[in-house]
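Open the model in your viewer and keep the selection panel at hand. This tour goes from one ligand to the other.

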Amino acid sequence: MTIHHNFIAGRWAEGAEAQDNVNPSNTGDVIGEYARADREQALEAIAAARAAFPAWSRSGIQQRHDILQKVSSEILARKDELGRLLSREEGKTLGEGVGEVMRAAQIFDFFAGEVLRLSGEKLASTRPGIDVELTREPVGVVGIITPWNFPVAIPAWKIAPALAYGNTVVFKPAELVPGSAWALADIIVRAGVPEGAFNLVMGRGAVVGDAILNDPRVDAVTFTGSVATGKKVAAACVGQMKKFQLEMGGKNPLVVLDDADLGIAVDCAVNGAFFSTGQRCTASSRLVVTDGIHDRFVAAVTEKLKGLVVDDALKAGTHIGPVVDQGQLDQDISYIDIGREEGATLAFGGERLNRENPGFYLQPALFTDTTPEMRINREEIFGPVASVQRVKDYEEALAAANDTPFGLSSGICTTSLKYASHFRRNAEAGMVMVNLPTAGVDYHVPFGGRKGSSYGPREQGRYAAEFYTTVKTAYTLP
Ligand SMILES: NC(=O)C1=CN([C@@H]2O[C@H](COP(=O)(O)OP(=O)(O)OC[C@H]3O[C@@H](n4cnc5c(N)ncnc54)[C@H](OP(=O)(O)O)[C@@H]3O)[C@@H](O)[C@H]2O)C=CC1
Ligand SMILES: O=C(O)CCC(=O)C(=O)O
């Protein structure tokens with residue numbers, strides 16, 4: 001098998017050890033061999049990005065626009081092939097994989113437009129005769145560290161704005177999904193990014209990630225992943241006065257009130273909690289349901305779960321693909337055990353499943369009779385596991401929704417304008433959904449959370465400029 005190399009300083013860099021990329025739907029299927037960089041290669045990539053920064057930061061907006069537009073066009077033209085690769089290595093269904101790839105194309109398209117819209121401000125000075133001008137300048141070398149659960153979209157929503165605003169990039173994807181990262185890098189490189197402005201460094205977090213965090217030539221780090229790693233990123237960046245941005249976990253509530261449309265509530269819950277195998281930081285892992293609708297809701301969700309097909313991500317008719325790997329599967333199963341031990345009722349699922357090929361298949365699990373202090377209601381599981389919490393009324397539901405160390409996405413299903421409006425205002429989350437799943441967002445508006453979910457400026461949309469640029473205030477006496 002040929003090795004897919006890293007891209008460093010304008011060339012595909014040979015010489016690193018390689019790792020197999022395995023399909024979680026069929027562990028006998030090796031997708032390819034991908035390089036695993038050592039520390040030295042990571043440092044070479046950082047040096048290349050540093051050297052490329054002066055020229056790229058001053059490059060013309062037409063050049064940057066055209067490159068990003070070209071990336072978008074190629075991703076879109078190859079959406080079926082890239083979506084298939086994504087689903088094959090990550091395990092989300094083919095429809096979800098192709099959808100994610102299309103979203104990545106739209107993100108590059110959006111930031112191609114943002115290059116042209118970059119503007120400043122001219123203000124009067126409080127001192128007569130002086131001009132004040134505000135401009136945005138690129139931050140410098142940006143280290144991009146991404147997780148496995150959105151292997152194309154998350155890299156896209158970090159790489160596109162980084163390049164659009166004139167930064168150079170060292171991109172370290174998650175080790176579990178090098179295929180999507182390599183394919184995206186190959187497209188970016190062929191779109192004409194100058195030598196050193198974009199570098200791909202696949203490898204271990206503890207090696208490549210650590211090199212990025214601790215090298216003073218990296219000016220800013222954008223990270224999506226677990227809370228534990230996020231805290232390491234924060235500590236390293238603070239120590240070196242680097243700019244940083246963290247997107248981490250969630251324990252997102254979906255409130256269902258007595259007056260909800262039952263069909264909408266069930267669709268929101270099943271989609272939000274279990275699609276993409278529940279491996280979304282925006283997943284509705286807590287279903288907070290008022291007394292009057294509770295039993296009907298649980299019965300209808302259970303009925304719907306019975307009809308969902310858990311199988312090979314690439315098979316037509318699969319609703320839920322496998323868990324991403326053995327480690328994540330072990331974590332999911334251990335939380336199912338914890339839920340039982342804590343006294344929750346396993347109303348549906350939670351069984352390990354066997355399919356035609358060996359893979360990490362898990363039946364979606366629904367817990368009922370859960371209480372707020374249970375670990376399954378407080379800790380992120382990151383799998384197809386959700387718990388129902390019964391509450392007496394809206395006030396108790398809102399309190400339960402906010403009773404979490406996280407604050408990414410928060411949803412409500414209701415036909416009451418009064419409760420919907422109150423919830424929108426009082427939910428302690430970065431994103432609020434009314435009669436919609438907590439997961440599944442637009443690409444042109446801010447994405448991010450509060451409390452333990454996020455740190456630093458928002459990602460996506462024009463708000464991305466807050467992270468990828470720094471403001472300069474210039475005073476001139478003409
Ligand atoms: N809020 C959000 O937007 C999202 C949050 N998440 C959260 O991420 C978790 C699952 O993703 P997962 O990928 O396992 O998370 P991790 O935090 O383990 O990994 C995220 C990235 O950080 C890298 N990394 C690991 N250790 C270090 C280190 N010491 N220094 C620098 N980089 C390091 C990883 O590398 P390697 O691949 O080698 O491990 C990977 O590229 C869940 O908890 C989920 O909630 C996931 C997606 C989105
Ligand atoms: O819900 C979405 O569409 C995005 C979720 C996400 O970014 C994540 O889970 O990492």
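Start with ligand 1 and color the two domains. The shell around ligand 1 takes at least three residues from each of domain 1 (3–248 + 453–476) and domain 2 (253–434); domain bounds come from an automatic or database domain assignment. Before going on, note that this is a predicted model, in which local features need pLDDT of at least 70, side-chain atom pairs count only at pLDDT 80 or more, and totals for chains, interfaces and linings use all residues. Residues are numbered from 1 along each chain as its sequence is written, chains are lettered from A and ligands numbered from 1 in the order in which they are written, and side-chain values use heavy atoms, with hydrogens and water left out.

**Ligand 1**

Select everything around ligand 1 (a heavy atom within 4 Å). You should get 30 residues, with Thr146, Glu175, Ser226, Met248 and Glu380 the closest. By class they are 13 nonpolar, 10 polar and 7 charged. Here Ala, Val, Leu, Ile, Met, Phe, Trp, Tyr, Cys and Pro count as nonpolar, Asp, Glu, Lys and Arg as charged, and the others, Gly among them, as polar.

Next, show the polar contacts (pairs of N or O atoms within 3.5 Å). Pick Ser226: a polar side-chain atom is 2.6 Å from an oxygen atom of ligand 1. At Thr229, a polar side-chain atom lies 2.8 Å from a ligand 1 oxygen. Gly205 uses a polar backbone atom, 2.8 Å from an oxygen atom of ligand 1. On its own ligand 1 has 900 Å² of accessible area, and the protein covers 85% of it (Shrake-Rupley method, 1.4 Å probe).

Switch to cartoon. Helix H7 (205–214), strand S11 (220–224) and helix H8 (227–240) each give two or more residues to this shell. H7 gives the most, with 4 residues. Helices are DSSP runs (H or I) of at least four residues, strands (E) of at least two, numbered from the N terminus.

**Ligand 2**

Now center on ligand 2. Where does ligand 2 lie relative to domain 1 and domain 2? It lies between them, because both give residues to its shell. That shell has 7 nonpolar, 3 polar and 2 charged residues. Among them are Asn149, Trp157, Arg280 and Phe447.

Select Arg103: a polar side-chain atom is 3.0 Å from an oxygen atom of ligand 2. Cys281 places a backbone N or O atom 2.6 Å from a ligand 2 oxygen. At Val441, a polar backbone atom is 3.3 Å from an oxygen atom of ligand 2. Finish with a surface view: ligand 2 alone exposes 290 Å², and the protein buries 99% of that.

How values were computed:
Polar contact = N/O pair within 3.5 Å; in protein donor to acceptor, adjacent residues only side chain to side chain.
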